[in-house]
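Please find below my comments on the model, set out as numbered points. They concern the metal site first and the strands and helices afterwards.

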Amino acid sequence: MKDLLTALPLGGLGEIGMNGLVLSYQGRRLLIDCGVMFPDAMEASADLILPDLRFFAEHGDSIGAMVLTHGHEDHIGAVPFVLKQASMPVYGSPFTLGLVERRLKEHGLLERADLRLLEPYMRHDGPVYPPELPDFGLSLIRVTHSIPDAASLVIHTPKGVVLHTGDFKIDPHPIDKQHFDHNAFRNLGDHGVLLMLSDSTNAQVPGHTRSEQETLENIEERVQHWRGRIFITQFASNLHRLLGLEAMAKRCGRRLCLVGRSLHTYTNIAKKVDMPCIDVDDLLPVEQLPDTPDDEVMVVMTGSQGEFRSALGRASRNEHRHIAFKKGDRLLMSARFIPGNEASIFDLVNDLSRLGVDVIHPLMAPIHTSGHARQEELKTMLELVRPHMFVPIHGTHAFLKAHRGLAEDCGVHDTLIVENGKEFAAEPERGLFVVDEHPMDTYYYDGMHTGDADALGLNERKKLFFNGAVSAFVQLPHRNRPYQPKVTLQSVGLYTDSDRLLTGGAAEVEEELATLGRDTTISEIEAWTQRIVRRFFRRQTKRKPLVMTTVIQEENR
Ligand SMILES: [Zn+2]
C-alpha cells in the first residue's frame, strides 16, 4: 500500500461543498483544499459544517503540506480548524492566502501559521517541492472562476503527473484579463497526465457558461434607462463582477456605493495583494445616499440569499441605518439561488415588492452566471489534458456520473466514481482501484466550539425543534409513609390543552409509579417516568418530546 499513489476524498464527493482530498505516497500526505459547508435550515443551529477533524488529529503528523486551489469558503473555510489539529505549511496563490490570513487572524492562529506563496503559472523553473514532501512537486495553472486568482493544481509525483482542476470555467473574456491558460493545459497533456480530478458541479448542464462580460451587458441593459436608484446584490467574493459594475456605473453616470462588511473585506484583501480591484477612494459613502440624486446611485450590497442579518435583509425590514427602500428603486439580484435558500429569498423579494422596489432576479433575466464549467467546457478540459485516468470530483453522485460519461465520450476509459472516505490508487500499470475505506464523521462549529453533532447537542436540538420537551419532577415519599410518588410536569413547545395535559400526564405517571414498589432504584424510576411521559404525549399530541426527569427522595420531617 505504501508504494501506491493513493487519493482519499475527505469531502465534496457525493455532496456539494466542504472540498478536501488527501494524496498519499510512501506514507506521506498532501492535503488539497480544506473547505466548509454551510448548514441548511435544519442544521441552522450550527454556523459551519466541517470535515472529519478526528482524521487530522490522528494522521496530522503524516500530512506534510496543504495546498489551496482558490479562496472560496468551500475550499478554505476549514483551514483554521485543521491547523488547530495538525500544523503544516499552507501553499496558495496571493489572493487565496490573503483570505486565509484573515481567517487565521480571527482564530488567533496567524502568528504560528506558515503560509507559502505559489504563483499561478506553469513555472519555467519547474514545480515547487515542499521540503516536508519531497515526492510531490506543486505548480498552479491559471483558470477562470467566480473569484480572483483561481487555479488548477499540478502535482508531480514519482508515479506520474496528477491534475486537480479545482473549480473552473472557461471564460473567453475575463474581466480582469487573467485568461484561462489553454496552452499550459495542452502542454501538460503533451507530456502525459496520469490522473485528472475535475470539477463536476455543472456536469449535467449542456453548453457553455455565459461569460462574465455578457452577464454584465445584461445587467447594464436594466440599468441604463432606469431613472430611480439601482441596487445590485452579488456574492462578495465575485470581485470580477464588482469591477465590471464599477465601469458600468461610470458609463451610466452613477456612483458606486458598497454596503455589507464582506464586500469591503474582499476588496481590501484584493488591494493588499495587488489584484485588479475597484477604486475604493472613489466610492460613494453610504451616509451620502440621501443627498445624492436617485439616478446617480448604484449600490452593491450583500444578502443575495435572503440572509436575515445581511445588509439587504435588514433594509428589506426597514432596519438598516442608512438604507430606506422606496418606490422607484430597482434591485438586480446577480447571484444564483443556493438550493435550500429559496424560501427566504422569495420572502425577501416579496417584502421588497411591498416597499415598491422593482426586483429582477436570475430566474427572470440572465443577470448571473455560474463559476463552474458546463459540459462543453468540461470536454475542452478533457481534450486538452487527455489524461490516462479520470476521477470526477466536486459534486453529488449524479453529477459525478454525468462527468464520467463526458470523459468516456472524450476517449478516457479508465475512470472511477468514488465518494467521501473511499481511498483509491492510481497506478500506471494497474489503473484505478479502491484500496481502503475510512468512515468519515461530520463535525460542526457553533461559533465557539467544534465537535460532532452529539458533542454540540445538535441532534437533541433537532428533536426539540420537532417534538418539544417535558420536564418531570418526581418526589418519592419518606420510607415511613405510604409509597405514593408525587409528579409535576412542565413543558416547552407542546400543546398542553391549557395545562390539562400536564396534570393528566402527571397523574398517569403517579399511578404507574405507585405500582412499582419501594425497592425500585432511582435510575429505574427515571427510565419508567420517561417512558410513561413519552407514551402519554405521543397518544395525546402525536409528538415524542424530549423528557428530562429529576427524582428526589423526601426527607423525614
Ligand atoms: Zn469555487
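1. The donor residues of the zinc ion follow the spacing H-x1-H-x72-H-x21-D in sequence. The model is a predicted one, and the points below should be read accordingly. Two of these donors, His145 and Asp167, link distant parts of the chain and stand 22 residues apart. His145 belongs to the loop between strand E8 (137-142) and strand E9 (151-157), whereas Asp167 belongs to the loop between strand E10 (160-164) and helix H5 (182-191). Both residues are buried.

2. Which atoms coordinate the zinc ion? They are NE2 of His70, ND1 of His72, NE2 of His145 and OD of Asp167, at 2.1 to 2.4 Å.

3. The geometry of the zinc site deserves a comment. The angles among its 4 donor atoms run from 89 to 163°, and the site is irregular. Four donors count as tetrahedral only if all angles lie between 85 and 135 degrees, and the value of 163° therefore rules out that class here. For reference, the ideal angle for four tetrahedral donors is 109.5 degrees.

4. The strands on either side of the His145 loop are paired with each other: E8 and E9 run antiparallel and are joined by 6 bridges. Within this pairing, Ile141 has Ser152 of E9 as its bridge partner.

5. E9 also runs antiparallel to E10, with 5 bridges between them. A hairpin of 2 residues makes the connection from E9 to E10, and Ile155 is bridged to Val162 in E10. Because 6 of the 7 residues of E9 are buried, this strand is largely enclosed by the rest of the structure.

6. Elsewhere in the chain, an open sheet is formed by 5 strands with parallel pairing, in the order E13-E14-E12-E15-E16. Its edges are strand E13 (255-259) and strand E16 (358-360), each of which pairs on one side only. On average, neighbouring strands of this sheet are turned by 20° against each other, direction ignored.

7. Inside that sheet, strand E12 (residues 230-233) pairs with strand E15 (residues 330-333) in the parallel sense over 4 bridges. Phe231 has Leu331 in E15 as its bridge partner.

8. Two helices should be considered together with the sheet. Helix H7 (residues 239-251) lies across E12, E13 and strand E14 (297-301), and runs at about 170° to E14. Helix H8 (residues 261-272) lies across E13 and E14, at about 110° to E13.

Technical notes:
Residues numbered from 1 in each chain as written. Predicted model: local features only at pLDDT ≥ 70, side-chain atom pairs only at ≥ 80, totals over all residues. Heavy atoms only, no water. Donors = N, O, S within 2.8 Å, 3.2 Å for Na, K, Ca; no water. Tetrahedral: all angles 85-135°; square planar, octahedral: opposite > 155°, others 65-115°. Buried < 20%, exposed > 50% of the residue type's maximum accessible area, 1.4 Å probe, protein only. Pairing = 2+ DSSP bridges. Axes fitted to C-alpha atoms, helices over the stretch in contact; angles between N-to-C directions. Contact = heavy atoms within 4.5 Å.
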